[in-house]
Amino acid sequence: MIRRFFASSFVLLCATIFEAAVLSNITFLPAIPDFSLLCVIFFAVNNGKIMGESTGFVSGIMLDFLSSCPFGFNSIYRIVIGYLAGFFKKTLNTDAIFVPFILAFFGTILKSALIFILTFLFPAISIKLKFFSLNFVFELGLNCLLAPFVFRFLKIFRNSLIAE
């Protein structure tokens, strides 16, 4: 379990650095896909609630260090998403194309809803999010389209990432 956690943390570190260093510098994209959220959902669905919570926390802390968000902001909603995705441990066939698509769809919508609730509860946080803006729709579409590829790529390393 510890080895899988550290392997998952390394994958999340790579995904977070790729998002922050490469994808955020592409100027023609209105929003960037959230690869670390897709990885958290993958780890939670395949390993359960505990791994979902812990990888959600790790990815949120990494994003907090690389962004201007208040410390712990990204961790809060990613822990919730990882925990809820962990309820589907070993019950969904993630080899198909449609299941990762649906998981990414609901994960992105839940992420946006939780960010909206957090900004409502803590008005000092200055993140403005509009549900049906171009940025949200673009991020939702990219996450849904890239989820089957991310899940397939992570399945290559199943011995290190997935508990049998």
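## An all-helix chain at a glance

From the N terminus on, the elements of this chain run α-α-α-α-α-α-α. That comes to seven helices and zero strands. Please keep in mind, as you look around, that this is a predicted model.

**Overall shape**

- The chain has 164 residues and a radius of gyration of 15 Å, which agrees with the value near 15 Å that a compact globule of that length would have.
- Along its principal axes, the C-alpha trace spans about 45 × 30 × 30 Å.

**Packing and contacts**

- Of the 164 residues, 45% count as buried.
- If you take the contacts with a separation of 6 or more, 73% of them are made by residues 24 or more positions apart.

**Surface and charge**

- About 8,900 Å² of the chain is exposed, and carbon and sulfur atoms supply 75% of that area.
- On the charged side, you will find 12 positive and 7 negative side chains.
- The centres of these two sets of charges lie 4 Å apart.

**A residue to look at: threonine 119**

- To find threonine 119, go to helix α5, which covers residues 98-121.
- Threonine 119 has a relative accessible area of 17%, and because buried means under 20%, this residue counts as buried.
- What does the side chain of threonine 119 reach at 2.9 Å? The partner is the backbone oxygen of phenylalanine 116.
- That 2.9 Å distance falls within the 3.5 Å limit for a polar contact.

Note on methods
Residues numbered from 1 in each chain as written. Predicted model: local features only at pLDDT ≥ 70, side-chain atom pairs only at ≥ 80, totals over all residues. Heavy atoms only, no water. Helix = DSSP H or I, 4+ residues; strand = E, 2+ residues; numbered from the N terminus. Rg over C-alpha atoms; globule rule 2.2 N^0.38 Å. Buried < 20%, exposed > 50% of the residue type's maximum accessible area, 1.4 Å probe, protein only. Contact = heavy atoms within 4.5 Å. Areas by Shrake-Rupley, 256 points an atom, 1.4 Å probe, with all protein chains shown as cover. Lys, Arg positive; Asp, Glu negative; His and termini not counted. Charge placed at Lys NZ, Arg CZ, Asp CG, Glu CD. Polar contact = N/O pair within 3.5 Å; in protein donor to acceptor, adjacent residues only side chain to side chain.
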